[in-house]
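Here are a few exercises to work through with the coordinates open beside you. Each task is followed by a solution in steps.

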Amino acid sequence: MRKIYSTNSDTAVVLDANRTNNQLATILKMPNNMFLKNSSLFSFGNGIAQHSNLHKKSTVKYENVRFADILYELNQYLIMDKSGTFKLYGSANELLQSVANSQMFTTDKKNLLFLNIKEGTINKVARIDSDKKVILFETQKEITQMLLPPSGKDLILCITDPKTRKLQLVFIDTQYGKQTILSDIEPQKADFVEVSPVKDGKAYFITFASRRKPTKENFLDIWYGRDNNLGSKQAGLTDYIYYLWSKDTNRTYQLPNTYPIYSNIDSERYVLAFNPLEEFKNLTLHPFLNLKIYDTLRGTFTEIFHQVTKDIVHSSDGRFIIALNPKDQKWNLYQVEIDRHIIIDNQRLQNPTFSEDFKNILFESSNDVYIFDIKSQTLFPAGISKEREARILNAERRTTNPVFGFKMNMFSSKRPLLIRTVNKISNSSTYSSFYKAKIKTVIPTTKNRIKDIKYDQDLKNLVTIEENYNMAPKIFSSKAGSKKKIEIFTTKDKTGQTLKQEIIQYKNSLGIPLKGVLYYPTGYDQSKKYPMVVYIYQIKSTQSNFYSLPANEPTGVNRRTLLEHGYFVYEPDIVFDGGGPGLAALDCINSALDALSTYTAINKNKIGLTGHSLGGYETNFIATHSDRFAAFIAGAGYSDITSRYFSYDYHEQKPNHTRFETGQYEMNKPFSEDKQLYLKNSPINYVEMVKAPVLIWNGVKDDIVPAEQAMEFFMGLKRNNLPTIALFYQQREHDLGWNTKESMDMNRRSLEWWDYFLKNKTNIPWIEKEIKRDAT
């Protein structure tokens, strides 16, 4: 496990899973840690490496390390030093191989190891075993990549001609050493090449990519209204050439340039094809896609989906593809070989996962796991939970197109599935196994947050990290279904154990039930009154079992610090309702505060409001419409959503109106259809109505919420002679980073701001320079 402190996270601890607080080893400043088969530990990073025999409690350290890795099945570890000397060691730290002039290596981390060696002008590739070195390939050209797919059947070399800079691929059979240079693929002048295995190496999907850098115009930069690829002005363009090579038949298919993008679906015959700009009108965050199947044998295209988005999943053999229709929210299953569509008539299903035998599809949902029988076309609940959100944790999920988010999701019917279900009302979770239609409890229902979980294939032995708002992280070892568990590590935090929390129930004006989490100050005395800080974003109650450590948060807000300095902290839920995000947030906050009307320990005259990003926008808006707060802190929040609507988003590299119409702000209408909706929800339009001091902060390099938005609100307050201070962090972006000098500064200033306005503290010069108008 890794320890995370308020100032660093460079310490790892090895624990005995069968005993309480039995630390076997401590690893410093080596972030990469891997067990060998004999349970010894190999660690490396920051130029050093270490092999630890946990049974003998002995260690061997190495310096000047460039790269390192392990061969798990062989109980071996390997190190390449900064001088290019490669060394292979056995489990007793005995030196098995030493090779000079090493350039790079690749390994499957199990038992296969290949090394690139340069001798004079000759580049060699060798297979390295504990007792021998076998040369497999030699060339006078550069070897720029060595790839070893998960199957380990082929070693793939990318060879670059130093004169022409053209790339060529060489495939080497790892069992027999046979070399294959694809004669049908001419060397390509490309920036990089990607090789994706199909069906564990029966075929390969090959992509050569050439980047065209954006043109920097010193005199004139022209923008066209019909250009749906404005992002290319910032990111440039990439041209692709695609091939599908069948290893069994040694046949290569070059995919036609009819479409600019092709995507692998793990089929030896079929691939997806589409033009991402065909339907992209900059109205949605992700482009609508018209997907075609290209048949490499027949050379034909068939459209299979019209205007779908990124929710596209295929089976592990490419026979099935399923996509979500964004209009009716129904899944459309396409059977590639027989050209058949099946519509799954349920709007609550998420994240489809195919069974290994392709008979069923499992869906996650907010109400149980659902099973779709492909042959009978029937959908039924698994019966794991009712009215509980269900997620499958141990399915195999692989992204096959990172740019567009296409995935291969598969589960094995030969092993139990691990299902987590969450009761959103109580914020409790249960872990169950699902195997051969039988359900067994793995971890009984708990209100603790299970931050991480590790398990064996049969789900019989588990290790969990658990925490709660008043319980520092603990590590438990347990047997499936048993209520008994061994606490193998405990984080000491006596103050945290005394924390008190209360869940507040309320409804907004539309009657939607919501929750707010009220945290009591440490050392709470019911005879006293305390100030309160309200921290907002959207749904916060799902984090009611998160542990909080005093730290310099990237957002400048740390709950634990506030509690230990005598503040209530209130984190209420906010939902948007179609009337605009600002007015909806104001409505929810008013209801949330009304729910505390009988809490006499809260000083209602000393309440502060804060938020970051969307929460910063909400804070800005509420500041212009409420007299219930004594001070505000708004971090990186919009002040003028109308101007941002008509702007270019340099972070997402697209016009910004998608963020408001169909994105996080849920306006659901363009500005042209309801101008008042946007105007009524823009804080800057009501800036003169602010009733309390506002502290504004922004990173100058923020390309999500540009600092101009903070400056605009600051100038609006200044023009109306209202008390405000703006902090512009010159080197920071959307947040301030963990424990950076900027986050340390902001966390200090935010606490001083609350102390000044909510506790009546004085003699804080940077604040009094603004509040005391006669100060110099």
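The exercises below deal with a sheet, an aromatic pair and charges over rings in this predicted model.

**Exercise 1.** Find the order of the eight strands in the open sheet, and identify its edge strands.

*Solution.* Start with the order, which reads β46-β47-β49-β48-β50-β51-β54-β55, with mixed pairing. Next, look for strands that pair on one side only: these are β46 (501-507) and β55 (724-729). Finally, from one strand to the next, the twist averages 20°.

**Exercise 2.** Describe how β51 and β54 are joined, and locate the helix that lies across β54 and β55.

*Solution.* Begin with β51 (residues 631-635) and β54 (residues 694-699): they run parallel and are joined by four bridges. One residue to check is Ile633, whose bridge partner in β54 is Leu695. Then turn to the helix: α9 (residues 707-719) lies across both β54 and β55, at about 155° to β54.

**Exercise 3.** Classify the aromatic pair of Tyr638 and Phe660, and explain what the pair ties together.

*Solution.* The ring centres are 5.7 Å apart and the planes meet at 35°. Stacked needs under 30 degrees and edge-to-face over 60, so the pair is tilted. Now place the residues: Tyr638 lies in the loop between β51 and α6 (641-645), while Phe660 is in helix α7 (residues 657-661), so the pair links parts 22 residues apart in sequence. Both Tyr638 and Phe660 are buried. Both also belong to one aromatic cluster, whose members include Tyr617 and Phe671.

**Exercise 4.** Which rings lie under the charged ends of Lys485 and Arg749?

*Solution.* For Lys485, the ring is that of Phe476, with its centre 4.2 Å away. For Arg749, the ring belongs to Trp766, and the distance to its centre is 4.8 Å.

Terms used
Residues are numbered from 1 along each chain as its sequence is written. This is a predicted model: local features need pLDDT of at least 70, side-chain atom pairs count only at pLDDT 80 or more; totals for chains, interfaces and linings use all residues. Side-chain values use heavy atoms; hydrogens and water are left out. Two strands pair if DSSP finds at least two bridges between them. Helices (H or I, at least four residues) and strands (E, at least two) are DSSP runs, numbered from the N terminus. Axes are lines fitted to C-alpha atoms, for helices over the stretch in contact, and angles run from 0 to 180 degrees between N-to-C directions. Contact means heavy atoms within 4.5 Å. Rings of Phe, Tyr and Trp (its six-membered ring) pair if their centres lie within 6.5 Å; planes under 30 degrees apart count as stacked, over 60 as edge-to-face and the rest as tilted. Buried means under 20% relative accessible area, exposed over 50%, partly exposed in between (1.4 Å probe, protein chains only). A charge sits over a ring if NZ of Lys or CZ of Arg is within 6 Å of the ring centre and within 35 degrees of the ring normal.
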